[in-house]
Every structure is written in C-alpha cells, then in structure tokens.
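User: Could you take a close look at the salt bridges in this one? I'd like a connected walk through them rather than a list.

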Amino acid sequence: MDSSSTTRGVPYHLLKGAPLNAAAMFYAKLVSFAAGIVIARVIGASQYGMFNVARSILDSCSIVTPLGLNFALLRHLGSAPEQVSARLRQLTFFRLITFVLALIPPALVATGLGSYVEQSIYRYPDFANVLLVTLIALPFATDIAVLGGAYRGVLNPAPFMLANYVVQPTVRLIIMGLLFVLGFQLWAVVVATSASYIISWTMLALLARKDMPGSSPSDGQDWADIRSVFASSPSLTASVVFTAWIRSADTLFLGHFGTSKDVGQYAAILMVAQLIGVLGEALGQTLGSRIALHFRNNDLAAMENSLADNARRTALLSAPVFAVVLFWGNRMDLVLGSSFVVEFLVVALVAARIFLQTIFGYSGFALSMTGWHVRETVILGFGLLFSLLIFSILVPRYGQLGAALASFTALVAIDLVRFAVVRTIFRIRIVGISVATTTALAVTTSGLSYLLMSPFDDRTLLSTILQVMISFGLYAGLAWPLLFTSQDRAVISSLLAPFLRLRR
C-alpha cells in the first residue's frame, strides 16, 4: 500500500482531520463546561433551568430547519468524489431554502406564540422574551449545520470544526463574561448564546465562499440531481428530528411537569455527562461519507470494518470517562453549589444513556447512508412514539428520575432494534465483544478506586480529583497493553498530537 495512504499502519482516511477534530471538540467541551460552571453559580439552578428549556427549543428547531441536508450532503458529496465540484454549485440553493425556513419560528414567537408558550406550557417569568432572543440564532445555526454537512461530505471538516467548536464557544464565553461584569445575569447568557452563533456563522460563510465555490454555472443547475437530494432529505430530516426530540424530551417534559430548578439540576448533569463522548465524536466526523462510498463500491466488508473499528475505538476513549461520571458525577455540587445536589441514580442513568448513544449512535449511518434511510426513519418514528408514552407516564410521577429512566429506556430500545435491523440486512456486526470488555474494565477500575479510597474520602473536591486520577491511571495502565492495538496507539497519538505540540 502506498505510504501516502497510511499513517503508521492506520488508514489515512480514518485519521484525516481527526487530530484537529479532537482538539476542537475537546476545547469546545472544556470551554462549555467551564462556562456552565460559571453560569450555574452566577444565575442559580432556577434561571439555569429556564435558559436550558429555551436552548432545548432552539436545538429542536435547528434539527428541523436544515431539512436533513446536513446529512444528505454527506452522502450526496461523499458517494461521488468525481462530481464534487458540480454538486458544490448546488450549495447556495440549499442554503437559501433552509435559511428562509429558519426565519419562521422566531417570527412566530415575536408575533404571539412566545406569549402563549409562557402562559400555557412553560410558566416562567419573562420566558417569551428569553425564547425570542434565543431563537434569533436559529437561521445562523441552520446554515452552520448545512455548511457542516458539505464540509464533512468533501472530507474537509476543519473549517466547520473551527467555527462551530472553537470560535462559537470562545465568543460566547467572552461576551457572557463582559455582560456579567456589567451586572447582567440571565440575559448575559441568552444574548451571548445568540451572538456567538451569528459571529461563528459569519466566519464559516466567508470561508465557504473560498473553499467550496463549485464549478462554473454556465451550463445551469442540474435540477434532477438537486431533486435526488430532496428525495432522500425528508426521510433524513424526519430521522434527525425524531432523534433530537427523543434526546430533548427529558428536558422539555421536566420543564413542563417540574420546576425550573429541576430542569437546571438536570441540565447540569447533562453538561457533565457530555464529556463522555467528546473524543468518540472526533473519530466519527467523516464516517458517514466513508460508509456511503463503501456501499457504492459494494464493499460490505469495508463498511463493517469502518463501523466496528469506530465503535471499538470510541469505547476505548469514552469508557473511562463514563465510569468516572458514573461514580463521581453526583458530586457536581462541590463545583456548582449546594443547589445542584442530585441523586446518584439520576446521574447513573444519564451517563449510561450518553455512553451507549456514543457507541451506537453512528451505527445509524449503516442505514441512512446506504439507501435504507426510510427504514431508519421508521425505527426512530416508533421510538419517538414509545418515548412520548413513557415520558408522559414517568416524568409526572418521578420527576428527574422519571426523565432519566424514560430517556435511557427509549434510546436503548432504539439502539437494539437498529442493531438487529442492520445485522439482518447486511449480515454485518457493528459492535463486538471488545466494547463490552473495555466497558467492564473501565467500570471495574473506577469501582476499585472508589472502594479503596472510601475510608479516606471526606467528599471534598480535592479527594474527588484524587480518586478520579487514580481511576484513569488504573484504566490506562491495564488497557494500554491489553486492549489497545498498534493501530489504536497510532490513532491516539494522532489525536493527542495537537495537545502535545501546545505543551511544547
């Protein structure tokens, strides 16, 4: 094999962009985590909960308004490298359609829908105005998503990663900090969030004009090709919408049946648990395009290897973080303050749900990127109906615990059904026994650290940090020689390269 196609035994297409992805996503998680701590301490659990309900509505809308193009473009561009220049010419049309669509929700909120929501669904003081300012970001978030799909489709996610994971959280933190100094609290968070989307979009839009101009439009648009994108787009849109609603249903149901403080505490758990998937997400940024290309070439073995290796490596990187959140996540009150005390079981269920979603989430590409997108939509549609049923039963009765249990149950059921469907259609195994072995090792090493240190544990921040470091050390010491292959070590070295250069 040509040396240019491999990096120390690792397929180059797996590593392309992965170090930058890892650095950008780790930076975003770190900045968001730090900002979350500051926000929680400054505005308290109640206002933190109100903001997170508005943010969940923004996230839900921003899943619908790209019309699935953030995923359709992955397949559209990735499955035909020889037509990329011609197909990039269509990008302006796609962006215009989705941007105009994204203007509708904030317009509706401004003309009365926000007041109805405040009076009938989320009865928080001034929620209508908070929601309006938050939704101002929607058109810009939508275009960022569409451009992100295009950049990943051409296997060049770097500009999207920099704008979305570096510029956006940095700008948000800076503006929020300045407004905090000026005496603003909740509004500092709301305004900074919307402003960060606008500024990061400006940067990405300017880069896209240079990076993805497309070929000359002298022969006109290929409308048949455009229609082919929209033919699969509704199904992909529905799949993404169903997934987003299932994931955000816990916050939205809890916001309706519980108090804003309940939502604030729950949002803090989610903030901590999101750290579980950061490195795994970095590995999967170009996976969809690669799956589409493997399927077009009728190479099911390569498709299976790509999916299985991604799941295995994701488990290697994510399992120790999951185990740490599992055992010590309910101590977040040591950092956020006494109003953020939560039950261990709630933290455990949220952490388990996010870990399983990190491992199994990309398996959806086996359907959505191979022409079986309708099957994926049907699975997620029934999953949404199931989730709405159990959320409506459990959340009113059990509050935070009900939200965590319902979310865990719904997503695990969807993952198991999808796994069975992919196995039946393609006869491939996308998650192997190595994932279970890795998870067992991570939980065992963290459990040992927790038990061994419990006689000396005074539940302080210092003792918690010490136990976490011991847990990571035990896992690394055992996993590195037993579970990591030489290719895995090369991937890890590549992912850590940006951080090592910074240290030097």
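To start with one partner: is Asp211 buried, partly exposed or exposed?

Analyst: Keep in mind that this is a predicted model. Asp211 comes out as partly exposed, because its relative accessibility is 28% and the buried class stops under 20% while exposed starts over 50%. The side chain of Asp211 pairs up with that of Lys210 in a salt bridge, with 3.0 Å from N to O. Lys210 is on the exposed side of the cut-off, since its relative accessible area is 60%.

Now for Asp143 and Arg95, whose side chains also meet in a salt bridge, at 2.8 Å from N to O. That pair ties together distant parts of the chain: Asp143 sits in helix α8 (residues 138-153) and Arg95 in helix α5 (residues 91-102), 48 residues apart. Asp143 has just 2% relative accessibility, so it counts as buried. Arg95 gets the buried label as well, because its value is 18% and the limit is under 20%.

Then there's Arg418, which makes a salt bridge with Glu376, the closest N and O atoms lying 3.1 Å apart. Both of those residues, Arg418 and Glu376, are buried. Asp415 comes into the picture here too: salt bridges with shared partners join Glu376, Asp415 and Arg418 into one network.

As for the overall tally, the model has 8 salt bridges, among them Asp143 with Arg95, Asp211 with Lys210 and Arg418 with Glu376. As general background, side chains carrying opposite charges can pair when their charged atoms come close.

Conventions: Residues are numbered from 1 along each chain as its sequence is written. This is a predicted model: local features need pLDDT of at least 70, side-chain atom pairs count only at pLDDT 80 or more; totals for chains, interfaces and linings use all residues. Side-chain values use heavy atoms; hydrogens and water are left out. A salt bridge is a side-chain nitrogen of Lys or Arg within 4 Å of a carboxyl oxygen of Asp or Glu. Helices (H or I, at least four residues) and strands (E, at least two) are DSSP runs, numbered from the N terminus. Buried means under 20% relative accessible area, exposed over 50%, partly exposed in between (1.4 Å probe, protein chains only).
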